[in-house]
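Could you show me around this model, one selection at a time? I have the viewer open and would like to know what to click on and what is there.

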Amino acid sequence: MPHSICMVSDFFHPNAGGVESHVYQLSQCLVERGHRVVVVTHAYGDRAGIRYLTNGLRVYYLPLRPMYNQATAPTLFHSLALLRCVFIREHVTVVHAHSAFSSLAHDALFHAASFGLASIFTDHSLFGFADVSSVLTNALLRASLGGATRAICVSHTGRENTALRAAMPPGRISVIPNAVDATRFTPGPPTGNPDSTCHDRAHLPRSVDRRCAGVTVVIISRLVYRKGVDLLAGVLAQLAATRSDLNFVIGGEGPKRIVLEELREQHCLHDRVTLLGALDHRQVRDVLVGGDIFLNTSLTEAFCMAIVEAASCGLQVVSTHVGGVPEVLPPDLLTLCKPTVRDLCAGVIAAADRLLAGKAPDRATTHARVRDFYDWRDVASRTEKVSNDDSSQNDN
Amino acid sequence: MAAKVYFPSCCLPAQSAVLLGCKLGRRDSFLVLATMSFPFTPNRVKSFLASVAPRDTPPWCDFRPEVLGICNVSADWRVLDDESSLTAHSLCKIFNGEAWLEVELHAGSTSPSSCNIYRRDTNGHYNLRSPRTVVFAHYNQREAVTVRWLAEDSSDFTSMEEQTADVTKEPSEMALFFTALSCNEQIFLPPPCEDDLEEKQSTGSSVCLRHWQDAGPEGSIVVELGKAACRPIRRVGAWFLALVAPLFICRLWTIAPLPWIGDCLSTWLQLHHQHDRLRVVFSPPVVKVPPRLTPPRCADMICSMLLDSLLGLLLISHIYPHGHLEAATDALPVFTQAVAGHLQELLQWLMGAPAGLKLNSTLACTLGRFFLYHIHLWLSYVSMLVPYVGPVLWYGGLLATLGVSLLLSMLIDITSLLTVHVYCFYVYAARLYRLQVCGLSSLWRLFRGKKWNVLRHRVDSCQYDVDQLFLGTLLFTILLFLLPTTALFYLVFTLLRLMVIGGQVVLSRTIWLINGLPVFSLVQRLLCGYNLAGGVEFEVLTQTSKSILNVSMQIQPLSVWAVLRRFWLPSRVMVHRSPNPTQLVATILSGELVQPWYRGGSGWG
Amino acid sequence: MARKVLYERSGLPDNHVSRNFLETLRRNVRVRKYSYWSVVYESGVVTQQLGSVCIFVLCWWLMETGTLVPSQLFTSSLALSFLGYYLYDVIDGGTGRRCSGRTRLADLKSVLIFLSFTYGLSPLLKTLTETISTDTIYAMTTFMLLGHLLFFDYGANAAIVSSGLSLNMALFASVCLASRLAGPLHTFTLITFACELFALWPLLQKKLKKQSTGCHGMLTVLFAVVVVTALAMVAPACAALAIVLLFLLSFLIPLWLVKLQLYKDNIHGPWDEAEIKDDLSGVLH
């Protein structure tokens, strides 16, 4: 039975990120399955009004001003008139809100409850319980999810976290992971400039079946405290001192970039550490295939799409053992370490040695496995099942 | 699409006549320039048309006059002499145009009853291809020929050429209409015809046309005299310019501080501007001085300069005989003393507890005394200059003959010279304030363990020694406590400086107004508005039949505001850049010097 | 019981709640069992700092009333500083000096620079607050000293700690008070004393605490006694207030802390943000 689904989130195209691509991919797959999908988000600069994306996906850019961190003001009623207009106009039956950081999503859940529409909330992040911001956000979440009929979390850890925070019975929360577009993240030579991310070390003769001598470690993340940039700095300092065959490529931008720049200058690592700055989503794949190991030093992570994208490109993954990361990939594809400098260094060194000894898993096989693990169409069908359960319960 | 025929309302024939005119562009539009009555010799007509063809027609459009068709006045259909065996249908074959019009008109009526358009096909036959409606527009030929079409941004050939070179952007039909009329001036020149048929036949030579200059070529004596006088006046002007030019293009002015001084003096800039104007006006016509100079623009420039000089002479005649100049000379020292006195009072007030604010008395006293000493110096400098003021003013005032704008710019310069002390105080206070603000921000960074990296233009972390931290704290405390005092002095002097700049801005705007006002065009618009066409208005007259729509075309004058905007005389020297208010406030708060924004060029330090 | 992995489909519905749901939940992992007397012992740090502040204000008051002459204060504080300097080196047998690599000469240079600058700037410092009313000065000083106590580094690893800021606030307060005194010499003396008390003394204090526990306890008691006696000589009411405050700080508040531990209810699990336990100061400045 086709639904008319309204995806609501503050984070959507033209912003690039995990939540944004999740909403987009899920919407496209649901449209493929025959449902009517519209996306509601706030205006980005001049981009206000209604736009159309592929397959006629209609996006409403509501004229609301973002206040802090790309989210609109959490006043609850300033978006009521516009949301009501959209719901009525599109004959919406299911309201699907994304991301606890998005106040528009909370508004939509609240209003959907008062309109009697079925509502689903997808939580993409983990929260603590101890500090002031977490306490306030959890209270807000309890209020919003009081009206939501179902929730979706992207990992089992996420479900436990949401169940505790929102005081929601776990039977109403489904675990549906994110997925990755395996056709875009394929191993192989980079489609762009072939020499752009490769470090040629002619003076270090190594086995000839690799593109470049030395082992390249790739890190792609936002450079903020939450992503463990401090840990990364410590790891870089130690690894650069102990192993001379490791090179590092770091992509992403953020307020902690200065830490890495100062580290580079202090230890004279200009030729071994490359800072690429903000990467366009299209460039991510080229940067990934230019490396051998992907390092993730996040301090907390619900799902971590970056790991899956890296594995899809055939890289070995080394990550901190936090949040939902252990659930994402099997142990032979993912090396887990404690969030300490020593452990992470040991993990990276082990992966590098495996690679140099030729015992690293084959890239194409890894890609095929990841492709089987995660697929957006599968996510869409599972989400559809949640909507069906939801609306049947609503009817009852 | 409807076909359009533009018919001059003065040429409605009483008898059947042939229509002469041209086709407008690629459209289905015909412009009738004149009507030619029977009888005539086709060869004579062809040679006449060839002789009046426009010489400088643009290559992209053909405005050559041709025989467009025939106007039959019914109940008066004249079959021509059997001897000449000319029939209406064979006429089109003789003249062999692309299209042939046949207009039917009832005798005594002003609107035609039918209009058929025949098109020539590849075989040479004329087939009837009338569109569903024909719009018959009656226009006033006298007005249309004498008017200047100004609806688009520019009406000279060069830009229209660019426009039609781009095939997607054709010039508008009205632009083509007026261009065609102005191209075909020649057709209106030959003498009018005799009504007597026999006399004509006996002479057997002339073609008998009917158009707006039927009664003979019209013109105004003044305009003709003006045109005749143009050449000698131009020669005289060019000779005078050649005398004066070396003064302005001398190499001496490029030596180091002189360009800077020149930029600062408004008088010099205004003289330069006037010299530029004269050069533009009196330069020989072959020199292409951009923008392309059309006679009305030239007239604007001359009129504005004349008005300027006139106002200046009026002012001189008012000031000099009545002894105002002596009064001004006497008043000047008194005025400067008064200003100095006010400044001293202000400083004494600041040195106390101004507005109840708690200032650091030692610093306030020091600064106050410093500035008071400067005022004392300045007063002595002024008292030295007093004897020279009279002659300078007298001779300077004579410059007003060159224009009141020059007088105003001299006034700006005199104000600048008289307020040198305010400027100096402002600069001292600004520098001191800026030093303090920079020091405070740098020490604040020190407390957080950061430092400004000059090489990378970013803030870096830095390890400081213990003694550096101690000294930093001490200096920070001192600077913080002294900031209100410095800030107050700075604020007061900034306000004074802004007041002076404000006054100079007012004067500068007046000069800009005098320099730029297009007097001639404005007067032309106000007195005979129809000469400047801003648009056309079509009024429906009658619809005699389903196929013909009769409209009357009225030319609308350009609005006064559009005239001003269009004809405003540009000036390269006095550039007005209004400051962004937020930026101005930010500049003041950070202690940077405020540049006087009415000046073009490099401005003053 | 299904494994908690996302890459394998277990065949169960997505919202199936297995028995190992929330099995990694831990409660009150970091709750520490406090022993009352150790808390009392540790609270001595706060007492000592409070004592320093009181001593400073007392010295100022005595100089203001003329009881204390600048030269007396200057010589005594200088003597105590030398003693402290000597103790600092002797206590750990010279290892600290070797580690930091600072020579005696560098220390002497710092001292000379500081003394000369303060002496040179003291007339200016004196006039800084002339036009500001006394009440404002007192209010500002109180505020600054409270801030100093708030941001002081008592040895706890909390976000609010900022030793630089607390030192600055203390020096700011000392400049405010010093500028109220009779002459530039008084200003110079008081500021020097404030520097020694708030910048140099905590360094020695930390070292003493690390070296021997008995020393710390003795110091706390010493501070308390000195403060109370001095206040008693100047203003008995203040002394009484000081006694009450010290009792509160040392005995009642630790008791309250121990009692409150019963109400703690923290939830821990894999969703918590990982804490970085490494010392990254070498890398991160």
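Here is a tour in seven stops, beginning with a word on how to read the model.

This is a predicted model, in which local features need pLDDT of at least 70 and side-chain atom pairs count only at pLDDT 80 or more, while totals for chains, interfaces and linings use all residues. Residues are numbered from 1 along each chain as its sequence is written, chains are lettered from A and ligands numbered from 1 in the order in which they are written, and side-chain values use heavy atoms, with hydrogens and water left out.

**Stop 1: residues 42-131 of chain A**

Select residues 42-131 of chain A, which UniProt annotates as "domain: PIGA GPI anchor biosynthesis" in an unreviewed entry. UniProt positions are given in the numbering used here, feature names are shortened, and annotations may be inferred rather than shown by experiment. Colour this stretch by secondary structure: 26% is helix and 31% strand, and the end C-alpha atoms are 29 Å apart. Helices (H or I, at least four residues) and strands (E, at least two) are DSSP runs, numbered from the N terminus.

Now show the side chains of Glu90(A) and Arg58(A), which meet in a salt bridge at 3.1 Å, N to O. The term salt bridge stands for a side-chain nitrogen of Lys or Arg within 4 Å of a carboxyl oxygen of Asp or Glu. Glu90(A) sits in the loop between helix 2 (80-89) and strand 7 (94-98) of chain A, and Arg58(A) in strand 4 (residues 57-62), so the pair ties together parts that are 32 residues apart in sequence. Add a surface: Glu90(A) is buried at 2% relative accessibility, whereas Arg58(A) is partly exposed at 24%. Buried means under 20% relative accessible area, exposed over 50%, and partly exposed in between (1.4 Å probe, protein chains only).

**Stop 2: residues 216-330 of chain A**

Move on to residues 216-330 of chain A, listed by UniProt as "domain: Glycosyl transferase family" in an unreviewed entry. This stretch is 36% helix and 22% strand, with its end C-alpha atoms 22 Å apart.

Pick out Asp230(A) and Lys256(A), a salt bridge whose closest N and O atoms are 3.0 Å apart. Asp230(A) belongs to helix 6 (residues 229-242), and Lys256(A) to the loop between strand 12 (246-251) and helix 7 (257-266), 26 residues apart. Asp230(A) is buried, at 7% relative accessible area, and Lys256(A) is partly exposed, at 22%.

Next, find Asp292(A) and Arg363(A), whose side chains meet in a salt bridge of 3.1 Å, N to O. The two are 71 residues apart, with Asp292(A) in the loop between helix 8 (281-289) and strand 14 (293-296) of chain A and Arg363(A) in helix 11 (residues 363-373) of chain A. Asp292(A) is buried, at 8% relative accessible area.

**Stop 3: helix 7 of chain A**

How many residues of helix 7 of chain A are buried? Seven of its 10 residues are, and the helix is mostly covered. Among them are Val259(A), Leu260(A) and Leu263(A), along with Arg257(A) and Glu261(A). Just after this helix, check the backbone of Cys268(A), which takes a positive phi of about 55°.

**Stop 4: a network across two chains**

Keep Arg257(A) and Glu261(A) selected and add Glu253(A), Glu265(A), Arg458(B) and Asp460(B): these residues are linked in a network of salt bridges. Over all chains, the whole structure holds 28 salt bridges.

**Stop 5: helices 11 and 12 of chain B**

Select helix 11 (residues 324-351) and helix 12 (residues 361-398) of chain B, which pack at an angle of about 180° with their axes 10 Å apart. The two are therefore roughly antiparallel. Their contact residues divide into 20 nonpolar, seven polar and one charged. Axes are lines fitted to C-alpha atoms, for helices over the stretch in contact, and angles run from 0 to 180 degrees between N-to-C directions. Angles under 35 degrees count as roughly parallel, over 145 as roughly antiparallel, 65 to 115 as roughly perpendicular and the rest as oblique. Ala, Val, Leu, Ile, Met, Phe, Trp, Tyr, Cys and Pro count as nonpolar, Asp, Glu, Lys and Arg as charged, and the others, Gly among them, as polar.

**Stop 6: residues 505-527 of chain B**

UniProt lists residues 505-527 of chain B, in an unreviewed entry, as one of the stretches under "transmembrane region". Here the chain is 91% helix and 0% strand, and the end C-alpha atoms are 33 Å apart.

**Stop 7: Lys109(C)**

Finish at Lys109(C) in helix 5 (residues 104-127) of chain C. Lys109(C) is exposed, with a relative accessible area of 51%. From there, draw a line to Trp37(C): the two are 44 Å apart, C-alpha to C-alpha, and 72 residues apart in sequence.
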